[in-house]
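Welcome to a short set of exercises, each followed by a worked solution. Keep the structure open beside the text and try each task before reading on.

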Amino acid sequence: MGRFLNKGNRKFAEFAKTKYFVDKTALINQLLEKDITEKFICLSRPRRFGKSVTADMLVAYFSKGADSRNLFEPLCCVKDELFLESLNRFDTIFIDIQAQFEAAHERNENPIQRIRTCVVKELHQEYPEIVSQDDILADALAKIYEGTGSQSVIIFDEWDYPVREPENSLELAGYIEFLRGLFKNSDAKEYVRLAFLTGILPMIRAKGQSAINNFTEYTMIHPGDLSACTGFTEQEVRILCEKSGAGFAQMKEWYNGYCLGGEAIYNPLSVIKAISSREFTQYWTETGTYGDIAGLINQNFDGLREAVLAMLAGNRIPIHVSDGKNDLRTFVNKDEVITALIHLGYFAYDKNTKEAYVPDKEIQNVFYHYMENHKNDSLSQFLELSETFLKALLNREEQAAAALIQDIHNDFVSSIAYNDENSLACTVITALISSFSYYHKPVREFPCGKGFADIVCLPLPEHKSLPVLIIELKWDKSAQAAIAQIKKRQYPQSLKGYAGEILLAGIDYDRKTKEHRCAIELFTESS
């Protein structure tokens with residue numbers, strides 16, 4: 001048992017004993033059932049989705065360096081003949097690509113040469129009569145297969161680290177050639193039993209083609225039949241909440257939103273941290289950085305800023321995802337940038353409607369905190385404008401609120417062509433982005449009284465001193481007419497239980513003058 005070849009099962013065995021362990025071992029059965037054309041797999045998921053745990057599980061199952069029969073016996077994987085005959089039967093190479101690149105850089109070594117030397121050395125120790133220490137890795141594996149008939153399982157965790165964090169272009173080019181030489185040579189189909197790569201990005205594109213086009217990719221956009229193999233399903237989260245006494249409704253609000261293969265998928269580490277700490281908050285930046293956002297959303301592409309703001313306001317936007325280069329550097333339009341952010345987990349994707357959106361409250365807060373701390377870009381400037389608009393509403397400053405809506409329409413969401421109240425609603429909800437720190441997400445067409453209020457904002461439990469906001473929209477009428485409709489249809493009477501006060505706001509758009517008008521008043525029983 002070595003560092004790279006035929007590691008034991010300790011890491012997965014320890015994880016399986018943890019309090020919040022969720023059994024994903026059915027993935028093993030899925031992989032075993034795939035045919036010979038599907039044994040090269042690249043699984044890409046955002047940070048904290050359980051990719052490394054998946055890699056450790058596969059090592060525990062395949063590696064000759066472990067005896068895992070008792071470990072897997074109580075787990076949900078089906079122990080059929082195929083499962084048992086493959087259990088701990090293969091030479092298994094596991095490499096944490098990020099760790100090896102970082103170690104090489106600390107020692108001023110070539111990372112590819114370091115990986116080759118370390119792995120081949122262990123193969124030579126295991127097969128001294130077959131493998132020479134001077135062999136390249138692909139040749140060593142081919143010799144082992146030719147001499148013994150033994151195939152190998154190759155698992156790379158963080159395979160895309162050199163793509164995401166390139167030190168230099170020559171190093172990246174060398175890494176791509178290393179992957180091609182290992183997985184695309186004529187012998188690879190024979191000596192590989194399974195190649196399983198995990199990372200954040202799909203396979204890097206080179207001149208429009210995959211750099212290693214024999215891999216089947218399972219991504220945030222095309223999850224295939226492995227959609228639920230990493231991440232927690234809604235049922236799994238519900239069971240964890242029941243066992244721990246955590247509130248499922250809050251868990252869903254904070255961490256649900258990714259839809260893979262028609263199933264709601266939650267970010268595992270955020271769920272576990274929320275359960276263990278009994279606090280629903282943002283955990284994303286403990287492992288991620290705001291640099292991901294800054295480097296991407298500040299790309300100078302038409303419509304990108306407007307699209308990001310629309311999604312932060314709770315809207316979905318149509319997106320074309322097929323042309324993404326997936327290398328975080330070469331973009332030609334806003335859709336490619338948004339595609340990259342989907343792979344990174346900052347946006348989600350609905351494959352059925354082909355729309356992108358912000359998945360949950362945690363990611364909403366990531367963007368909000370980014371805008372709070374980066375004062376020089378256009379999104380941060382918009383947040384300041386939104387905060388001023390919210391203050392104007394709460395202080396009943398009608399003219400200021402109307403002027404701010406006008407500014408937001410002209411400067412930030414000018415791509416919205418007004419032709420009905422729906423367009424006006426999109427502008428108003430976008431203007432209310434700053435309210436997400438104090439209010440639940442604005443609800444459109446909220447059922448109350450004798451109809452449906454256009455927009456309702458309910459304060460968060462920790463901000464119950466703030467009033468409920470009821471906003472009614474009009475088109476070529478008057479803001480006062482909107483207020484009158486709120487009262488006539490008795491919207492406030494249905495919302496008394498949510499907070500101490502209720503604020504009524506009417507917003508009208510004049511098609512001729514292109515002006516917004518606003519009326520605001522505090523609801524009283526006599527009004």
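## Exercise 1: the two sides of a helix

On the face of α12 turned away from its buried side sit the exposed residues Glu242 and Lys243. This is a predicted model, in which local features need pLDDT of at least 70 and side-chain atom pairs count only at pLDDT 80 or more, while totals for chains, interfaces and linings use all residues. Residues are numbered from 1 along each chain as its sequence is written, and side-chain values use heavy atoms, with hydrogens and water left out.

**Task.** Find which residues of α12 are buried and what covers them.

**Solution.**
1. Start with the terms: buried means under 20% relative accessible area, exposed over 50%, and partly exposed in between (1.4 Å probe, protein chains only). Helices (H or I, at least four residues) and strands (E, at least two) are DSSP runs, numbered from the N terminus.
2. The buried residues of α12 are Glu234, Glu236, Val237, Leu240, Cys241 and Ser244.
3. Around the axis they cover an arc of only 160 degrees, so they are on the same side of α12. The arc is that of the directions from the helix axis to the C-beta atoms.
4. Their cover includes β8 (232–233), α13, β10 (263–266) and α14.
5. Just past the end of α12, glycine 245 has a positive phi of about 80 degrees.

## Exercise 2: a helix pair

**Task.** Describe how α12 and α13 pack, and say which residues meet.

**Solution.**
1. Two packed helices are described by the angle between their axes and the distance between the axes.
2. For α12 (residues 234–244) and α13 (residues 248–255), the angle is about 135 degrees and the axes are 10 Å apart. Axes are lines fitted to C-alpha atoms, for helices over the stretch in contact, and angles run from 0 to 180 degrees between N-to-C directions.
3. The pair is therefore oblique; angles under 35 degrees count as roughly parallel, over 145 as roughly antiparallel, 65 to 115 as roughly perpendicular and the rest as oblique.
4. Now look at the partners: Glu234, Val237, Arg238 and Cys241 of α12 meet Phe248, Met251 and Lys252 of α13. Contact means heavy atoms within 4.5 Å.

## Exercise 3: a second helix face

**Task.** Which residues of α22 are buried, and which strands do they pack against?

**Solution.**
1. In α22 (residues 479–488), the buried residues are Ala479, Ala482, Ile483, Gln485 and Ile486.
2. Viewed down the axis of α22, these residues fall within an arc of 160 degrees, so they line one face of the helix.
3. They pack against β16 (468–475), β17 (502–510) and β18 (515–522).
4. Just after α22, glutamine 490 takes a positive phi of about 60 degrees.

## Exercise 4: two loop residues

**Task.** Are tyrosine 283 and aspartate 160 buried or exposed?

**Solution.**
1. Tyrosine 283 is in the loop between α14 (268–277) and α15 (291–297). At 8% relative accessibility, tyrosine 283 counts as buried.
2. Leaving aside neighbours within four places in sequence, the contacts of tyrosine 283 include Arg48, Tyr255 and Glu362.
3. Aspartate 160 is in the loop between β3 (152–157) and α9 (161–164). With a relative accessible area of 0%, aspartate 160 is buried.
4. With neighbours within four places again left aside, aspartate 160 is in contact with Gly199, Ile200 and Leu201.
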